[in-house]
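Q: I have a model open and want to learn how to read it. Where do I start?

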Amino acid sequence: MSESSPHQADRLPHSFADLLTNNGAYQTQFSHAGFDGVAHAGVAMVTCMDSRIEPLEMIGLRVGDAKILRTPGGRVTADALVGCILSVHLLGVDRILVVPHTRCAMASGEDEDIVARVRAETGEDLADLCIGASTDQRARLAEDVALLRNHPHLAGRVLVGGFSYDVDTGELTQVL
């Protein structure tokens, strides 16, 4: 916590009790016991961490059908790449969707812009982080799709597509 933003500490919740209570209710109707962890529809999706996105629902799948990897901006980060590789080699994936979305904060500027925004709002300096922000969302999508299509552990083993998700209409469009 930065000294220039002590008010943030006052806004932090003091426990996870509400979430654990919610989990108790979830457990009463839980019906996913015994799943094997394989992606039964053969799908993996790299998409944004944005809470407006419901990855399985948007493509008509259910629990157990797909592997979902979430990153800021839906970028294929190093960890997402490892997830894709393991999904293909061990978890039945033969199709990967890379899905950024409209009105994404990570498309509102470049890394420097996001760092400046955080600094202005919280006092924290995130300049040491590679955030992956870019106003040219389509170019970043093309880079990420090419990375997956040409990666030596994936090339020839998986179909990779680049998509755009509209958070205002729910439309998923293939662009690459």
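A: Start with contacts and how far apart their partners lie along the chain. This is a predicted model. Among contacts in the protein with a separation of 6 or more, 63% join residues 24 or more positions apart.

Q: How many helices and strands are there, and in what order do they run?

A: Count the elements, then read them from the N terminus. The protein has six helices and five strands. Their order is α-α-β-α-β-α-β-α-α-β-β.

Q: What box do the C-alpha atoms fill, and what percentage of the residues is buried?

A: Take the box along the principal axes. For the C-alpha atoms it is roughly 50 × 45 × 30 Å. Of the 176 residues, 36% are buried.

Q: In what order do the strands sit in the sheet?

A: Order in space need not be read from the sequence; look at the pairing. Here five strands form an open sheet in the order 2-1-3-4-5, with mixed pairing. Strand 2 (66-71) and strand 5 (172-174) are the edges, each paired on one side only. Ignoring direction, neighbouring strands are turned against each other by 25 degrees on average.

Q: Do strand 1 and strand 3 run parallel or antiparallel, and how many bridges join them?

A: Follow the chain direction along both strands, then count bridges. Strand 1 (residues 43-48) and strand 3 (residues 95-99) run parallel and are joined by five bridges. For one example, take Thr-47: its bridge partner in strand 3 is Val-99.

Q: Which strands does helix 4 touch, and which does helix 6 touch?

A: List the touched strands, then compare axis directions. Helix 4 (residues 78-90) packs on the sheet against strand 1, strand 2 and strand 3. The direction of helix 4 makes about 175 degrees with that of strand 2. Helix 6 (residues 137-150) also packs on the sheet, touching strand 3 and strand 4 (159-165). Between the directions of helix 6 and strand 4 the angle is about 160 degrees.

Q: How many cavities of 30 Å³ or more does a search of the whole structure find?

A: Ask for number, volume and lining. The search finds one cavity of 30 Å³ or more. The largest cavity has a volume of about 100 Å³. It is lined by 15 residues, and those closest to its centre are Gly-73, Arg-75, Pro-100, Gln-137 and Arg-140.

Q: Which element gives the largest share of that lining, and what classes of residue does the lining have?

A: Sort the lining twice, by element and by class. Helix 6 gives the largest share, four residues. By class, the lining has seven nonpolar, five polar and three charged residues.

Q: Why does Ala-39 count as buried?

A: Check the relative accessible area against the cut-off. Ala-39 is buried because its relative accessible area is 3%, and buried means under 20%. Ala-39 lies in the loop between helix 2 (17-28) and strand 1. Beyond residues up to four places away in sequence, Ala-39 touches Gly-64, Asp-65, Ala-66, Lys-67, Leu-91, Gly-92 and Val-93. Ile-114 is 75 residues from Ala-39 along the chain, and their C-alpha atoms are separated by 35 Å.

Q: Is Asp-50 buried or exposed?

A: Use that cut-off again. Asp-50 has a relative accessible area of 16%, so this residue is buried. Asp-50 sits in the loop between strand 1 and helix 3 (55-58). Leaving aside neighbours within four places in sequence, Asp-50 is in contact with Arg-70 and His-101.

Key
Residues numbered from 1 in each chain as written. Predicted model: local features only at pLDDT ≥ 70, side-chain atom pairs only at ≥ 80, totals over all residues. Heavy atoms only, no water. Pairing = 2+ DSSP bridges. Helix = DSSP H or I, 4+ residues; strand = E, 2+ residues; numbered from the N terminus. Axes fitted to C-alpha atoms, helices over the stretch in contact; angles between N-to-C directions. Contact = heavy atoms within 4.5 Å. 1 Å grid on protein atoms, 1.4 Å probe; cavity = no way out; pocket = protein on both sides within 12 Å on 5 of 7 lines; lining within 4 Å. Points joined across faces, edges and corners; volume = space filled by probe spheres on them. Nonpolar A, V, L, I, M, F, W, Y, C, P; charged D, E, K, R; others polar. Buried < 20%, exposed > 50% of the residue type's maximum accessible area, 1.4 Å probe, protein only.
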